[in-house]
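Please open the structure in your viewer and keep the selection panel within reach. The tour below goes from one selection to the next and says what is there.

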Amino acid sequence: PRRIGGARIGRLPVFPAPPRAATLERGLLLLGVLALAVTYALFAWRSTLRVPIDYNEGWNAYFASFAARGAPLYKSPCADIANNYPPLSFFVVASAMRAIPDAVFAGRAVAWLALAAVAAAMATILRAGGADRAASAFAPMLFLGWLAARAPSYVGADDPEMLGHALTLAGMALVLRARSPRGAVAAALLVAAGLFTKHSLLAVPLALAAWLFLEDRRRFRAYAVTLALAGAAGLVACRLAFGPDFVAGLLTPRVWSGARAVRQTLGTLKPLLPAVAAPAALAVGRMRDRMARLLLLYAGFGLAVGVLGSAGEGVSYNAFFDLLIAVSLCAGHALSRLREAVKLTAPRLRALGVALGFVAVAAAALDLASAPALLVLPWVREERAAALRDAATVARLRALPDPAVCQQLSLCYWAGRAFAVDLFNRAEGFRTGRCDAAGFIARIRAGGFSAIVLDAPLAVAQPWLSPPVRAAIRDRYTAIRPAAPQPDIFLVPR
């Protein structure tokens with residue numbers, strides 16, 4: 001103490017500089033934000049190109065255009081065109097087509113907004129669970145980084161996947177923020193909307209039902225009854241609007257394989273487990289933590305649904321998106337819980353958790369060795385070259401009469417060709433034995449298509465087509481590989 005003007009003054013307060021670990025944590029988060037900004041700016045640029053990002057883009061664009069003009073959405077599962085998705089996403093994209101007439105680009109715009117909504121919902125879920133801002137931001141960063149490194153074809157692509165996740169996660173956020181039966185009712189309606197966007201997104205509905213059953217029976221009853229009624233009402237409405245082919249379409253034949261599920265599961269989780277398992281374990285370490293219980297249930301159902309879904313032919317990394325969202329939320333919750341740890345160790349542990357999360361993303365990127373953030377210039381050159389090639393293919397298709405068949409349906413859509421055949425679902429119906437290939441083979445032998453456009457030789461491009469179908473194409477059609485820049489193989493009648 002000192003005397004100033006006769007008065008005794010205590011020591012002036014000392015404000016210590018932030019701990020080095022806390023500074024490191026902020027630096028790592030800032031570095032992550034910058035890396036994501038650059039990577040997602042590249043993906044946003046890609047979304048402006050007339051290049052198919054994913055096989056499903058053209059398929060979704062055709063059905064959105066059907067919804068926009070009131071054409072039938074569902075036919076027999078053994079028809080040339082099969083629809084095994086619920087209808088909501090098609091009408092959402094059809095609404096966006098009022099501003100963006102091209103269904104592919106309208107669908108991409110919806111997908112970008114949905115991805116932003118997924119990130120916002122993840123942050124809201126953690127904030128509702130008591131997490132601080134840094135921890136709440138870290139979870140969506142971790143998921144977005146994994147998505148960019150491991151599943152870039154789902155970033156900004158015309159696909160209902162992210163719209164469905166945005167709706168179900170919004171329901172979870174509402175359950176946590178509005179702790180009343182009325183809030184559970186509203187959450188159930190959002191979850192039901194998510195299921196009518198993509199019916200395989202079962203992890204959030206199941207996790208919320210199990211958690212509410214354990215936490216609050218009144219809210220559980222409100223949630224379960226509303227979800228059941230909304231689901232039943234939606235099914236009845238769809239049955240009345242689309243006819244008997246609606247339910248049959250959702251059950252379109254698909255080849256299932258346990259070995260494929262094992263391969264997909266191991267391939268998806270392998271590069272992530274070493275780093276993500278540590279913060280995930282911290283998040284669920286105290287089972288008295290209500291938030292930890294919810295996230296553990298979400299991760300468990302996400303894993304189960306992912307393993308089952310990945311057994312189906314044509315299902316990719318997206319089967320595990322719920323699991324990865326759950327694990328990312330666990331990591332964010334872990335960082336939040338660490339603020340209650342010993343003061344000297346918590347900043348160090350938080351910085352370590354952030355570092356481990358970014359190591360997981362780096363491991364996923366290096367495992368593929370094709371992340372845009374790692375190979376920017378080659379990736380940009382490749383996308384530009386693909387745009388030139390696809391423009392040449394579209395121009396050639398425009399000169400042909402209907403019907404034409406495209407492996408990449410976006411090319412036929414952009415060329416203004418009618419949706420003639422869904423090659424993938426046709427092949428699945430033949431392989432399962434539920435659909436007869438005789439009529440389709442006869443149509444091929446008669447030269448019923450002006451062209452069949454593949455992006456690789458027949459045996460490579462369509463290995464899942466049955467040998468009789470491939471033989472019919474080989475016998476009746478001849479391959480013409482135009483000069484550069486168009487590498488697509490046009491099979492035209494002899």
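Two strands are said to pair if DSSP finds at least two bridges between them. With that in mind, and remembering that this is a predicted model, begin by selecting Leu-454 together with Ile-489, which is the bridge partner of Leu-454 in β6. Widen the selection to strand β4 (residues 451–454) and strand β6 (residues 489–493), and you have two strands that run antiparallel and are joined by three bridges.

Next, bring in the rest of the sheet, which is open, has four strands in the order β3-β4-β6-β5, and shows mixed pairing. Its edge strands, each pairing on one side only, are β3 (404–406) and β5 (477–480). Neighbouring strands in this sheet are turned by 20° against each other on average, with direction ignored. Now select helix α16 (residues 376–398), which packs on the sheet and touches β3, β4, β5 and β6, while its direction makes about 15° with that of β6.

From here, move to the largest nonpolar core, which has 119 residues, and select Tyr-40, Phe-143, Leu-147, Leu-169, Tyr-298, Leu-329 and Leu-397, the members that touch the most other members. Helix α4 (residues 103–128) gives the most to this core, contributing 14 residues. Apart from this core lies another one, of 22 residues, including Val-405, Ile-444, Leu-454 and Leu-458, so that Leu-454, where the tour began, comes up again.

Which residues does Tyr-40 touch, not counting those up to four places away in sequence? Select Trp-112, Leu-115, Leu-144, Leu-147, Ala-148 and Val-155 to see them around Tyr-40.

Notes. Residues are numbered from 1 along each chain as its sequence is written. This is a predicted model: local features need pLDDT of at least 70, side-chain atom pairs count only at pLDDT 80 or more; totals for chains, interfaces and linings use all residues. Side-chain values use heavy atoms; hydrogens and water are left out. A nonpolar core is a set of buried Ala, Val, Leu, Ile, Met, Phe, Trp, Tyr and Cys residues joined through side-chain atoms within 4.5 Å. Buried means under 20% relative accessible area, exposed over 50%, partly exposed in between (1.4 Å probe, protein chains only). Contact means heavy atoms within 4.5 Å. Axes are lines fitted to C-alpha atoms, for helices over the stretch in contact, and angles run from 0 to 180 degrees between N-to-C directions.
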